[in-house]
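Please go through this structure with an eye to model confidence and to a few individual residues. The account below moves from the chain as a whole to local detail.

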Amino acid sequence: MPQIPEKIHELTVGQLAARSGAAVSALHFYESKGLITSRRTSGNQRRYGRDTLRRVAFIRAAQRVGIPLATVRTALAALPEERTPTHEDWARLSAAWRTELDERITQLGRLRDHLSDCIGCGCLSLETCVLSNPDDVFGRRMTGSRLMAERRPAADE
């Protein structure tokens, strides 16, 4: 991994990509979505503060566990600019996502435990499928191979 001297306070997009492991195109995308910021030199080149390394690491970690980028952007907006986020900053942000992650873990566990049942029947019946209809929540109201949104009549119908 390339080392950047401590006296350098700004990184080029190439340096940021090399240090963070993110593709240059991903960094440009993150910037277009407001997840990271840069300044432009007189030659119109991007320069990123060193704290951007931690922000990119946080974005990538959040993406790996399925946190939507809009949620990540909201979280990063709460962090102070121009200083490396602290352990307390990260702890506060990640605590807010714990419930969502716990729900995903439960869903993945259910999928793992019942995947062979699903492959065995192949129907994903709402009457019996523990993956698409845990605890037969919809079985009392309707049947079928998938749950479709109930059509509500328009106001002028």
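Among the elements of the chain, helix 2 (residues 24-32) has the highest mean pLDDT, 95, and helix 5 the lowest, 78. Here pLDDT is the predictor's confidence in each residue, from 0 to 100, and helices (H or I, at least four residues) and strands (E, at least two) are DSSP runs, numbered from the N terminus. This is a predicted model, in which local features need pLDDT of at least 70 and side-chain atom pairs count only at pLDDT 80 or more, while totals for chains, interfaces and linings use all residues. Residues are numbered from 1 along each chain as its sequence is written, and side-chain values use heavy atoms, with hydrogens and water left out.

The chain averages a pLDDT of 77, and 66% of the residues score at least 70. Over residues 145-154 pLDDT stays under 50, and the model has nine contacts (heavy atoms within 4.5 Å) for them beyond four places in sequence. Where pLDDT is low, the predicted coordinates should not be read in detail.

Thr12 lies in the loop between strand 1 (10-11) and helix 1. With a relative accessible area of 25%, Thr12 is partly exposed; buried means under 20%, exposed over 50%, and partly exposed in between (1.4 Å probe, protein chains only). Not counting residues up to four places away in sequence, Thr12 touches Arg46, Arg47 and Tyr48. Arg46 is 34 residues from Thr12 along the chain, yet their C-alpha atoms are separated by 6.2 Å.

Asn44 sits in the loop between strand 2 (39-40) and strand 3 (46-49). Asn44 is not a glycine but has a positive phi of about 65°. Its relative accessibility of 51% makes Asn44 exposed.

Ser20 belongs to helix 1 (residues 13-20). Is Ser20 buried or exposed? Ser20 counts as buried because its relative accessibility is 19%. The side chain of Ser20 reaches the backbone oxygen of Leu16 at 2.7 Å and the backbone nitrogen of Ala22 at 3.2 Å. Leaving aside neighbours within four places in sequence, Ser20 is in contact with Leu27, Leu53, Val56 and Arg60.

Leu108 is in helix 5 (residues 87-121) and is exposed, with a relative accessible area of 56%. Together with Leu111 and Leu115, Leu108 forms a nonpolar patch on the surface, with about 260 Å² of accessible area for the three together. Accessible areas come from the Shrake-Rupley method with a 1.4 Å probe; for residues, only the protein chains shown count as cover. Patches are made of residues with over 30% relative accessible area and no salt bridge (a side-chain nitrogen of Lys or Arg within 4 Å of a carboxyl oxygen of Asp or Glu), with like charges joined within 9 Å and nonpolar side chains (Val, Leu, Ile, Met, Phe, Trp, Tyr) within 5 Å.

Conventions. Polar contact = N/O pair within 3.5 Å; in protein donor to acceptor, adjacent residues only side chain to side chain.
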